[in-house]
Amino acid sequence: MNKNTFIVGFMLFAIFFGAGNLIFPPKLGLESGEHIWLSALGFIVTGVGLPLLGIIVSAFYSGGYSKALKQIHPWFSLFFLSAIYLSIGPFLAIPRTAATSFEIALQPFLQGETEIPQLIFTSLFFILSLWLALSPSKMVERVGSILTPALLISIAALVIKAVFALSDINYVTSATTTESMFFKGFVSGYLTMDALASVAFSVIVISAIQSKGVNQKQLVQQTIYAGIIAAGALALIYLSLAWIGSKSHLSEQALAYVQERNLDMGTYLLNDIAQQTFGELGRMILGIIVTLACLTTSIGLIVSVSEYFYEIYHKISYKIYALFFTVISFIIANQGLSTVLSKSVPVLLVLYPIAITVILLMFINIFINLPLLAQRLSIGLVSIISLCSVLRVNFTAQLPLKAYSMEWVIFSIIGLIFGYFLDIIVRKRA
């Protein structure tokens, strides 16, 4: 591994390590209790492993996912990529940056109604995001390069001190069965949305490596090594935060407070842990760093989504796209973080199975030349089953693995096998 590999590895880490992702592992840990390591493993698979596999797979294909998806069908490529950008953009991820910032940085210090403070906070947050998104400069990149290390140092200090403070506390016993815990973590990993981001942003990573004048073999090697570096760092952070969450104890009064204010449990836990370990000052500093980190993420996402749709339809200017997506994000963010996350689950239960199928098919295709018909049938069946399942069509309730939200897996395999042999029959007749 050379210096550039480490640079790209840390860049990969920075792309996937959004401040908003910090809220999911503590909540998962609290809900998993003594089964923390099993559920954390499931979370790592979809929250870390799958996104990085998505980046690595793209290195094997000239033109990346865009060209590969167009071969499956141009309309599928357009709709799927548009759905991904809208999800990691104005409908889910961008509103989450503002809502998370508010609940970590400001909510704990407010008494009474929070609607007006939230409205003011998100207004300032998105005005600044839009202003910087409309004036692309290296400032955001430079600020981001400072904030990521600062956030890492804060999390590291939080984890280290919490380990000593909580190491003698027994796990909170979980009533959930061991059998379902891996799948609970697996589906919880969807909330990071990083697998979707890997499909959308893989071109950025590949371009960064190619700019150093590497050949195809070196491109693949450096992408794999960079992925290992980023995966190791992400997994360590997520596991640490999940472990802390599993050791947390919330009183009935605290639970009632969370429910009464419709707060997200992950942000509440993160605030509570910060207060226990470093007091009010530590919690304030963490809130400021998380807010600024979320701000840079918001700006980057507004730019990326606006540029994508501007490339598709030039008659609308980039600035209009940026303004439109910012306004949508502002409206959704003011519904509250819990609402944003709850609304995201059905969307992710449709998009994630499709993304997983696409990534795995492209991975298999590296070693075995899969017929196009097999890929189309597999992706088509997964898309139909996932959509029907979320819409609660009657027959989906009886499907195998439905209890684990994994009912689409069998259909992806059936589509692949049936399409493979059907292609052989068609070729023989031709």
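# Notebook: burial, cores and voids

I looked up S135 to begin; with a relative accessibility of 35%, S135 counts as partly exposed. The model I am reading is a predicted one. I located S135 in the loop between α7 and α8 (138-166). I then checked a distance across the chain: S135 and V303 are 168 residues apart in sequence, and their C-alpha atoms are separated by 9.9 Å.

**Entry: N215.** I found N215 in the loop between α10 (194-210) and α11 (216-246). Its relative accessible area is 44%, so I recorded N215 as partly exposed, the class between 20% and 50%. I paired N215 with L12, which lies 203 residues away along the chain, and read a C-alpha to C-alpha distance of 20 Å.

**Entry: T267 and helix α2.** I placed T267 in helix α13. Is T267 buried or exposed? I noted a relative accessible area of 1%, and T267 is therefore buried, the limit being under 20%. I listed the contacts of T267, leaving aside neighbours within four places in sequence, and found I23, T100, E103, I104 and L337. I also looked at F24, which is 243 residues from T267 in sequence but 8.5 Å from T267 in space, C-alpha to C-alpha.

F24 led me to helix α2, where F24 is one of the buried residues. I counted 7 buried residues among the 9 of helix α2 (residues 24-32), so this helix is largely enclosed by the rest of the structure. The buried residues of α2 that I wrote down are F24, P25, P26, L28, G29, L30 and S32. Just after α2 I noted G33, which takes a positive phi of about 55 degrees.

**Entry: nonpolar cores.** I looked up the largest nonpolar core and found 118 residues in it. The residues with the most contacts inside this core are L22, F80, I88, L151, Y190 and V358. I asked which helix gives the most to this core. I found that helix α13 (residues 265-312) does, with 16 residues. As background, I noted that nonpolar side chains tend to be buried together in soluble globular proteins.

I took Y190 for a fuller look. Not counting residues up to four places away in sequence, Y190 touches T46, L348, L349, Y352, I356, S405, M406 and W408. I also recorded a second, separate core of 8 residues, with A254, V258, L263 and Y268 among them.

**Entry: positive phi in the loop between α16 and α17.** S405, one of the residues that Y190 touches, is found in the loop between α16 and α17. I read a phi near 60 degrees for S405, a positive value in a residue other than glycine. S405 has a relative accessible area of 25%, which makes this residue partly exposed.

I placed R392 in the loop between α16 (372-390) and α17 (408-429). R392 has a positive phi of about 60 degrees although it is not a glycine. Is R392 buried or exposed? I read a relative accessibility of 73%; R392 is therefore exposed, the limit being over 50%.

**Entry: cysteines.** I searched for disulfides and found 0 in the structure. I then looked up two cysteines. C294 has a relative accessible area of 1% and is buried. C388, at 17% relative accessibility, also counts as buried, because the limit is under 20%.

**Entry: the cavity.** How many cavities of 30 Å³ or more does the structure hold? I found 1. The volume of the largest cavity is about 30 Å³. I listed its lining as L92, R96, L191, M193, V340, L341 and S344. Helix α15 (residues 337-367) supplies the largest share of this lining, 3 residues. By class, I recorded 5 nonpolar residues, 1 polar and 1 charged in the lining of the largest cavity.

**Entry: the second largest pocket.** I read a volume of about 390 Å³ for the second largest pocket. The elements giving two or more residues to its lining are α6 (93-105), α7 (115-134) and α12 (252-260). I noted 16 lining residues, and those nearest the centre of the pocket are Q107, T114, E115, R261 and N262. I sorted the lining of this pocket by class and recorded 3 nonpolar, 8 polar and 5 charged residues.

Note on methods: Residues are numbered from 1 along each chain as its sequence is written. This is a predicted model: local features need pLDDT of at least 70, side-chain atom pairs count only at pLDDT 80 or more; totals for chains, interfaces and linings use all residues. Side-chain values use heavy atoms; hydrogens and water are left out. On a 1 Å grid over the protein atoms alone, a cavity is a set of points where a 1.4 Å probe fits but cannot get out, and a pocket is an open set with protein on both sides within 12 Å along at least five of seven lines; lining residues have an atom within 4 Å of a point. Grid points are joined across faces, edges and corners, and a volume is the space filled by probe spheres set on the points. Helices (H or I, at least four residues) and strands (E, at least two) are DSSP runs, numbered from the N terminus. Ala, Val, Leu, Ile, Met, Phe, Trp, Tyr, Cys and Pro count as nonpolar, Asp, Glu, Lys and Arg as charged, and the others, Gly among them, as polar. A disulfide is a pair of cysteine sulfur atoms within 2.5 Å. Buried means under 20% relative accessible area, exposed over 50%, partly exposed in between (1.4 Å probe, protein chains only). A nonpolar core is a set of buried Ala, Val, Leu, Ile, Met, Phe, Trp, Tyr and Cys residues joined through side-chain atoms within 4.5 Å. Contact means heavy atoms within 4.5 Å.
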